[in-house]
Amino acid sequence: MRIGVPAALAIAALVLIAAWHRPVRVPFGFSRLTAATEASVERRFLALPSSDRIRDEHRVFAGQPHMAGTARDRELMEYTRDRFAAFGLEDVEVTTHEVLLPWPEEVSVEMTSPVRWRASLREDPVPEDPDTHVDPQALGLPYHAYSASGDVTAPLVVAGSGNPEDYEALAKRGVDIRGKIALVKYSVPYSYRGFKALTAERRGAAGILIYSDPADDGAGKGAVYPKGPWGPESHIQRGGIVYDFMVPGDPLTPGWPSLPGARRIGRDEAVSLPRIVSAPLSYKDAKILLAADSPVVRMVVRSDDRIRPIWTVTGMIRGSERPDQMVIVGNHRDAWIYGGVDPSSGSAALMELARTLGELRREGWRPKRSILFASWDAEEFTLTSSTEWGEQHAERLRRDAVAYINVDSAASGPMFTAAAVPALNRLIEEAAGEVRDPVTRIPISAVSRERRTRDRGALPTGSSESLVDNRLGSGSDYTVFLNHLGIPVADLTFDGPYGVYHSLYDTHRWVATIGDPGFRYHKVLVQLWGIISLRLANADVLPLDYEPYAMRILTFIDEVERQSSTSVGVAPTVPAFADLRRAGNELRLAAAGFNAERDGALARGDRAALDRFTSALVLVERQLLDPAGIPDRPWYRHQIYAPRYTYAPEVLPGVTEAVDARDAPAITAQALRVSAALRRAAAVLRERPPR
């Protein structure tokens with residue numbers, strides 16, 4: 001049946017009217033008036049990311065080895081700088097820091113008794129992957145950055161995973177580690193290699209060798225590369241062993257930026273530098289030592305201990321209304337070799353995020369708040385350039401930074417994982433509902449919640465914990481922003497089986513054939529990263545919610561009190577925990593009152609009130625810092641979060657460490673400090689001081 005022109009026009013008009021009146025889902029932090037505009041921007045943005053472009057960028061970043069401070073690292077800095085400018089970012093800058101960045105001059109491991117044998121310290125090439133066919137001379141020696149230099153010959157002691165309980169078990173058997181060389185394996189779940197080095201150092205070991213056990217990340221888990229995701233016997237996990245759980249960044253400028261000409265302390269004064277000789281081994285080499293009878297081993301490590309330049313690249317899309325307020329997005333650029341997953345997958349994603357948001361800007365769009373893009377350097381050494389840049393810009397960041405959203409590795413598989421402060425839970429949950437899994441076409445939020453429920457047991461319906469992990473440790477560039485500066489952070493990734501971490505086999509081909517064929521999850525990561533950034537930048541009031549934060553803190557208090565009652569005894573610590581719980585409830589009530597008034601202002605479209613609410617929200621996380629820091633680790637100032645020495649999350653760190661020490665007076669003192677921080681945060685939410 002043919003329809004005449006007037007009827008067709010009438011139908012078109014009805015369609016337009018229906019579309020106009022279709023309910024718009026209002027994102028957290030937006031009014032109904034601005035939600036439609038945001039939805040239009042997000043629809044345009046979601047259509048822009050390209051898997052093919054991400055693949056091309058990944059081939060650039062993962063195409064050659066690019067350890068921090070090398071010529072290729074510098075070339076990629078220049079490439080990133082030029083691409084940022086070409087994408088239309090503003091204020092593109094390169095910041096140079098001069099830091100302790102030791103490279104190896106000699107690394108050797110040999111058995112001198114009962115037979116003579118020398119470790120190859122070499123990874124075997126994979127015929128299917130040309131990137132693994134590289135001249136070992138050009139590749140450089142596998143090593144542990146910041147190992148002490150030394151020449152040690154001593155009996156070898158096999159010490160499990162190198163954790164304190166492993167040495168205690170040895171001691172019960174009459175085995176003394178003092179003056180010996182410890183042979184330990186990397187841990188699954190992950191335990192930072194620097195903690196293993198410190199544990200061996202404190203026990204009096206003369207040296208430590210760390211190898212990858214195939215039961216954890218090799219053939220014992222499944223097919224090895226190139227047939228599967230796990231590491232071949234010859235894979236070697238490189239990495240730093242610096243004690244950055246004490247203080248990250250350049251070990252010789254602790255707490256201040258390592259700009260050219262900066263004051264430096266002596267190496268002997270640096271609390272983060274190991275005093276033990278350490279080196280990595282493959283299982284192919286380690287199994288020879290494991291099979292030997294009472295072996296004596298000589299290990300030689302010599303590093304040059306040179307000060308070298310590293311380069312942070314930043315660029316910005318300036319905000320139209322509050323250009324001083326900044327949403328920061330970042331990834332580190334440096335890799336131990338190619339860094340196919342860690343970090344080149346994230347570097348490619350950062351470039352695509354910059355390109356797509358830059359395209360929106362070239363079309364005439366601007367966010368309300370500024371978005372700053374950062375390509376960090378030397379993260380693999382000791383979170384170096386992000387820490388130095390954060391210390392350099394500390395005053396501005398404390399005043400203006402809204403949030404930092406980190407992506408270290410974009411994708412090694414299909415499982416979305418987010419770690420964040422609870423204030424960001426709702427934002428991440430909603431954003432993940434806007435982005436669809438490329439295989440199932442189901443929203444990422446639903447896929448992730450189902451998986452986490454399956455892995456961790458049933459969770460309450462709608463629980464934000466089903467999507468966002470609210471326990472933050474360390475090991476990536478968000479550390480300075482959260483733990484030192486009090487800025488809300490999130491860390492995003494898509495996970496999967498990944499047995500080639502920090503090895504020669506972490507290549508473009510591994511990612512393209514195993515980790516994320518088609519780079520589909522890279523694209524989804526960019527979409528999700530972008531939605532979170534857009535909403536932080538465009539919301540009428542910052543989409544931060546401190547009511548679930550307070551409720552999460554109350555659960556942390558319960559956990560630590562239970563630990564205290566078990567290890568210390570209830571009586572001495574009851575008053576401290578009672579006051580801590582009162583302070584947590586004060587924060588919860590202040591946040592609930594704040595939220596009710598904020599929602600009213602959003603409904604009214606009260607711009608002046610919303611600006612005051614935002615100004616208060618910028619300040620809240622800062623109140624959870626204590627200028628004195630946590631005991632023995634003053635750089636770490638946040639009273640709710642710190643890393644354990646293993647990098648695992650530690651909540652209420654001052655209190656927790658006092659509980660671990662069974663020190664009742666210290667528990668009380670630390671609880672009072674946390675209570676004071678919670679009350680400062682509550683006061684900001686109640687009083688909403690103007691900026």
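Start by selecting Thr96: setting aside neighbours within four places in sequence, Thr96 is in contact with Leu259, Pro260, Pro309, Ile310 and Trp311. Keep in mind as you click around that this is a predicted model. Thr96 sits in strand 1, residues 90–100, and with 30% relative accessibility it counts as partly exposed. Want a sense of distance? Add Tyr636 to the selection: it is 540 residues from Thr96 in sequence, and the two C-alpha atoms are 24 Å apart.

**Zoom out for a moment**

Show the whole chain as a cartoon. You'll be looking at 23 helices and 19 strands. The radius of gyration is 26 Å, close to the 26 Å that the globule rule gives for 691 residues, so the protein is as compact as a globular protein of that length. Along the principal axes, the C-alpha atoms fill a box of roughly 95 × 70 × 55 Å. Colour by accessibility and 58% of the 691 residues come up as buried. As for contacts between residues at least 6 apart in sequence, 81% of them join residues at least 24 apart.

**Asp250**

Now pick Asp250, in the loop between strand 8 (239–240) and strand 9 (277–281). Is this residue buried or exposed? Asp250 counts as buried, at 1% relative accessibility. Show what surrounds Asp250, ignoring residues up to four places away in sequence, and you get Glu98, Val99, Leu100, Ser258, Arg264, Thr382, Thr384 and Glu388. Leu101 is worth adding too: it is 149 residues from Asp250 in sequence, yet the C-alpha atoms are 8.3 Å apart.

**Helices 3 and 4**

Next, select residues 51–61 (helix 3) and 71–86 (helix 4); their axes come within 11 Å and cross at roughly 150 degrees. An angle over 145 degrees counts as roughly antiparallel, and that is therefore how helix 3 and helix 4 run relative to each other. Turn on side chains to see who meets whom: Glu57, Val60 and Phe61 come from helix 3, while Arg72, Leu76, Tyr79, Thr80 and Arg83 come from helix 4. Sorted by class, that contact has 4 nonpolar, 1 polar and 3 charged residues.

**Backbone oddities**

Time to check some torsions. Most residues other than glycine have a negative phi, and most peptide bonds are trans. Here are some exceptions to click on.

- Ser113 to Pro114: this peptide bond is cis, with omega near 10 degrees. Pro114 is in the loop between strand 2 (104–113) and strand 3 (117–118).
- Asp305: phi is positive, about 50 degrees, although this residue is not a glycine. Look for Asp305 in the loop between strand 10 (296–303) and strand 11 (307–317); at 30% relative accessibility it counts as partly exposed.
- Asp342 to Pro343: here is another cis peptide bond, with omega near 5 degrees. Pro343 is in the loop between strand 12 (322–332) and helix 10.

**Helices 10 and 18**

From Pro343, carry on into helix 10, residues 344–362. At 1.5 Å a residue, its 19 residues should span 27 Å, and the end C-alpha atoms are indeed 27 Å apart. Helix 10 is mostly covered, with 17 of its 19 residues buried. Just past it, Gly364 has a positive phi of about 110 degrees.

Then jump to residues 520–538, helix 18. Its 19 residues should also span 27 Å, which agrees with the 27 Å between its end C-alpha atoms. With 17 of those 19 residues buried, helix 18 is largely enclosed by the rest of the structure.

**Ala591 and helix 22**

Head to Ala591 in helix 20. Ala591 is buried, with a relative accessible area of 1%. Beyond residues up to four places away in sequence, Ala591 touches Tyr546, Glu547 and Leu685. Draw a C-alpha distance from Ala591 to Glu547 and you'll get 4.9 Å, for residues 44 apart along the chain.

Finish with helix 22, residues 653–660: 6 of its 8 residues are buried, so it is largely enclosed by the rest of the structure. Which residues of helix 22 are the buried ones? They are Pro653, Gly654, Val655, Thr656, Ala658 and Val659. Show their surroundings and you'll find them packing against helix 19 (546–567), helix 20 (574–604), strand 18 (641–643), strand 19 (649–651) and helix 23 (664–687).

Last click: Arg662, in the loop between helix 22 and helix 23. Its phi is positive, about 55 degrees, though Arg662 is not a glycine. At 60% relative accessibility, Arg662 counts as exposed.

Terms used: Residues are numbered from 1 along each chain as its sequence is written. This is a predicted model: local features need pLDDT of at least 70, side-chain atom pairs count only at pLDDT 80 or more; totals for chains, interfaces and linings use all residues. Side-chain values use heavy atoms; hydrogens and water are left out. Helices (H or I, at least four residues) and strands (E, at least two) are DSSP runs, numbered from the N terminus. The expected span of a helix is 1.5 Å times one less than its number of residues. Buried means under 20% relative accessible area, exposed over 50%, partly exposed in between (1.4 Å probe, protein chains only). Axes are lines fitted to C-alpha atoms, for helices over the stretch in contact, and angles run from 0 to 180 degrees between N-to-C directions. Angles under 35 degrees count as roughly parallel, over 145 as roughly antiparallel, 65 to 115 as roughly perpendicular and the rest as oblique. Contact means heavy atoms within 4.5 Å. Ala, Val, Leu, Ile, Met, Phe, Trp, Tyr, Cys and Pro count as nonpolar, Asp, Glu, Lys and Arg as charged, and the others, Gly among them, as polar. The radius of gyration is taken over C-alpha atoms; the globule rule is 2.2 Å times the number of residues to the power 0.38.
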